[in-house]
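Q: Please take a close look at one helix pairing in this structure and describe how its two partners meet. After that, please set the pairing beside a few other contacts elsewhere in the model.

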Amino acid sequence: MLSWNDILVLLPEIYLVAAVCVLLLMDAFIKPDQRNATHWLAIIVTVVTGWLVVSGQPAVPVTAFDGMFVRDRAAEILQLFALLSVFLVFVYSRPYLKDRNLWHGEFYVLTLFAVLGVMFLVSAGSLVTVYLGLELLTLSSYALVAFNRDSRVSSEAAIKYFVLGALASGSLLYGMSMVYGATGTLDLAQLHAAALHADMPNLLRFGLIFMIVGIAFKLGAAPFHMWLPDVYEGAPTATVTFIASASKLAAFGMAYRLLSAFGPGGPILHQWQLMFAVLAVLSLVIGNLVAIVQTNLKRMLAYSTIAHMGYLLLGLVNATPAGYAAALFYAISYALMSTVAFGVILAMARAGFECDNIDDFKGLNQRSPWMAFLMMLAMVSLAGVPPLFGFFAKYLILKAAIDAGMMWLAIVAAIAAIVGLYYYLRVVKVMYFDAPVEGQELKPQPDLPLRWVLSINALALLVLSVYWGPLLGWCQMAFAG
Amino acid sequence: MSNHLLSLLIWLPMAGAVPVLIAGSRSSLSRWIGLLVAIVTFVASLFLLTGYDTNGPVMQLVEVHPWIESLHINYALGVDGISVALILLTTFVGVLVLIGAWDVIKDDKPHQYVAAMLVLEGLLIGVFCATDALLFYVFFEAMLIPMFILIGIWGGPRRVYATLKFFIYTFLGSIFMLVGLIYLYQQAGSFDMATMAATPLTMSQQSWLFFAFLIAFAIKIPMVPVHTWLPDAHVEAPTGGSVVLAAVMLKVGGYGFLRFSLPMLPDASAHYAWLVIVLSLIPIIYIGYVALVQEDMKKLVAYSSIAHMGFVTLGLFIVFILVRELGNYDAAKLALQGSMVQMMSHGFVSGAMFSCIGVMYDRLHTRQIKDYGGLVNVMPWFALFMVFFAMANIGLPGTSGFVGEFMVILASFSANPWIALVAAFTLVIGAGYTLWLVKRVVWGDVTSDKVAAMKDINGREAFVLGAFAVVVLGIGIWPEPLVHLMGGSINHLVHQLAISKI
């Protein structure tokens, strides 16, 4: 049953598992002052895995283990950007973790296991693989959220995340069992045909509802968003950076894999389109409105995430290859923007100072103009103001909604963007127009890799606003087949 | 070079912002680099006059590069006579604001100020060059960012409120335009503005799009009742910000009507022309009265801007009555020409007025009319300029202010004498608030010791005001070259409007 071919298809994942095990062992035997070795090795593992993904990419989609695992363009792009996000997380968090005595090998091991979960999730060919990948991702994430175990807020956030996450996983699994009951198959490729001739369409519908609850929870779409602000605020910023980037890519991948089975020509398309439209509107409204009153930047960004997931859902509502491409483009752009925003927070934080209140950024332009500029790029991009990258992502989403004939959704999204503009501009206002607090240091960490990579990451938002064509072409290609 | 002249004009100032920022705040180097870049841009823009053939095709100096091929989005640039005039206005003002602010922002991050100005200039030129609707939109929106920073950092006490209001207000308008543009793109299959203009649309489609665009451009111009951001933004902005805002940014709204609403939606524009005409006449009267009671000089000039821009929209939409109902093409051309001349003239006059107020503000740090009085006794040269620009603001014959207003009133008279009567009323109210301002500030006895200690304008300030004065006088005495420059493009537009797209 297990063939050599299967192993070749799974080579990046197998390599990652092996490398993480080595990393875990190695870290147990080195002295704390040699932790740099773990750090750099983890980065190398990430890069090599990315290289294996690219170099092993087949021309046509292939499956392994009887269709349990799919390697196609969509999987490649999502895996690559998830690995890129993890790379950024590693580079950005070293000084932050060091200052807080959190610089342990477990951080790297858990993050890599989580990204392994992401890789399985986005290339799942069967309901079982979806669940497997999801659990690997979320279980690692729970531990990462609780990573600062002496901090009460961190533990509280982890408990909340765990309880609600378990509920969502249960709901997803329950829905899957119903879908299986209605169709008799777990294979996503066969599900499309099987669902058309399902004996019990109501059972299928129920199953789908439960699955959508699970998806909405993972995305953080309202009204299943309650965990998100607490986790963002309570968890170590390094962990949040991961959750805001790689995790969101994974959530999109999961939604795409599960829903494409019920996609164009598929049954009950209208039902789930309507459900997603409702989720999108709620997310846009709640996310943007509640973000306005936040004073904690991480919490504000959490609500902004909720709003951004609303936009992403608009692409999924379209349920055509163009719509999926727009949503994928959006997920990637969001990952790139949020890593910049959290990267600046990580860079400005120091021992005993989290730098996560909006007021902590007062007068940043006078103390550290470059960091202020990078943060401004992230904020303006998140707000979707041209010429930054975020605008083009938003444009594609609006286009997808209009193409789907849902002009009203596009108008709701447009109004939401106006509301959103206010709180992003508030951060710019604090940095540029307010005077710095006397006696506060506000200098970025002197960590060179952090500064350079963060600068490149932020400037990419400008560069990609000119050269977004290739990325879009790539996203379109992923769903063209 | 002529093939890439437009790209050069757009990107040179923006690229110039980088060395300015690197030069830093300590030396005057950053200001010199910035000024050099602005001057080179201005000189380069003069080549437009030789490169543009008034008898040639509609769009000239065309540059098209594919941007996003799968969506048929191009980096497409081109200019007609209208664009050339507005680009020259932009580059001219771009030089003068940097000279005007030379000593004023010396101690407060001058490099960032200069860089923001240069980026703003490049983006404004981009707006006037773009022939691809998405590219236009990108420039149209992007210019909010440097202006946001300009008002927010170097503005007055309530700058944060004013700049947020400015940004969110304008963003509100343009996001609906984006939705409209995407819809139009869906119908036309391309973002090319000429293709969009040639695409047939039903009346209901046109109506929806018309209102989507109307919100965007009406806020930008601004028209009543969405004008409230302008007085706040003007009052709080630094002098240079006010000058650019009044002289160039407001013109983007009028330009948007010319490029989008009129040619793309001629039937809806004709149908709702009455609405825009009414909305233009209201500020001409009402805002004039509002200006009369202002105690803050900048606010007064800001309100007078709204009244003057009312003439622009009046001229743009009176055309539909002339063309569609009366078939009077000559009067229609006159109206459009009047609108354009009014836009240019207002650019120079309002820029000069704000510069004058800036000169006073730099000395006394107040904009209240009551704090001044009898300036003519201590600042005779300044008084000369101030009175001259005030006359231009009123629309005295011989200044540029007269030409545009006269043309629009003349054209309106052919459409409906009553409209012309109401519009002409502005000359009375305009004279009222402007002359009263001059009387209180310039004439009379010196009112306080502070005023008595004010020094007359120095060479730098005299240069800025003098340059404005030359142009205002030039257009006023001999408007023919400007009218000729835009004549062909306006002819083309008038014929476009006459044809129904339904």
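A: The crossing of helices H3(A) and H4(A) is left-handed, and this description, like all that follows, rests on a predicted model. Helix H3 of chain A covers residues 35-55 and helix H4 of chain A covers residues 73-99, and the two pack with their axes 10 Å apart, at an angle of about 165°. Angles over 145 degrees count as roughly antiparallel, and H3(A) and H4(A) are therefore roughly antiparallel to each other.

On the H3(A) side, the contact is made by A:His39, A:Ala42, A:Ile43, A:Thr46, A:Val47, A:Thr49, A:Gly50, A:Val53 and A:Val54. H4(A) meets them with A:Glu76, A:Gln79, A:Leu80, A:Leu83, A:Val86, A:Phe87, A:Phe90 and A:Arg94. Sorted by class, the residues of this contact comprise 10 nonpolar, 5 polar and 2 charged.

The contact between the chains can be described in a similar way: 27 residues of chain B are in contact with 23 residues of chain A. On the chain B side, the elements that give two or more residues are strand S1 (60-68), helix H5 (133-142), helix H6 (144-154) and helix H7 (159-188). Of these, H7(B) gives the most, with 14 residues. The side of chain B that touches chain A has 21 nonpolar, 3 polar and 3 charged residues.

Turning to the interior, the largest nonpolar core has 421 residues, and A:Ala413 and B:Val319 are the members that touch the most others. Helix H14 of chain A, residues 321-348, gives the most to this core, with 22 residues. For A:Ala413, once neighbours within four places in sequence are left aside, the residues in contact are A:Leu284, A:Tyr311, A:Leu314, A:Ile397, A:Leu398 and A:Ala401.

A residue outside the helices rounds off the picture. B:Ser500 lies in the segment after helix H22 (480-498) of chain B. A residue counts as exposed if 12 or fewer other C-beta atoms lie within 10 Å of its own, and B:Ser500, with 11 within that distance, is therefore exposed. Leaving aside neighbours within four places in sequence, B:Ser500 is nevertheless in contact with B:Pro266 and B:Asp267. B:Ser500 and B:Pro266 are separated by 234 residues in sequence, yet their C-alpha atoms are 6.7 Å apart in space.

Note on methods. Residues numbered from 1 in each chain as written. Chains lettered and ligands numbered in written order. Predicted model: local features only at pLDDT ≥ 70, side-chain atom pairs only at ≥ 80, totals over all residues. Axes fitted to C-alpha atoms, helices over the stretch in contact; angles between N-to-C directions. Helix = DSSP H or I, 4+ residues; strand = E, 2+ residues; numbered from the N terminus. Parallel < 35°, antiparallel > 145°, perpendicular 65-115°, else oblique. Left-handed = near helix turned anticlockwise from the far one by under 90°. Contact = placed C-beta atoms within 7 Å. Nonpolar A, V, L, I, M, F, W, Y, C, P; charged D, E, K, R; others polar. Buried ≥ 20, exposed ≤ 12 C-beta atoms within 10 Å, placed from the backbone. Core = buried A, V, L, I, M, F, W, Y, C linked by C-beta atoms within 7 Å.
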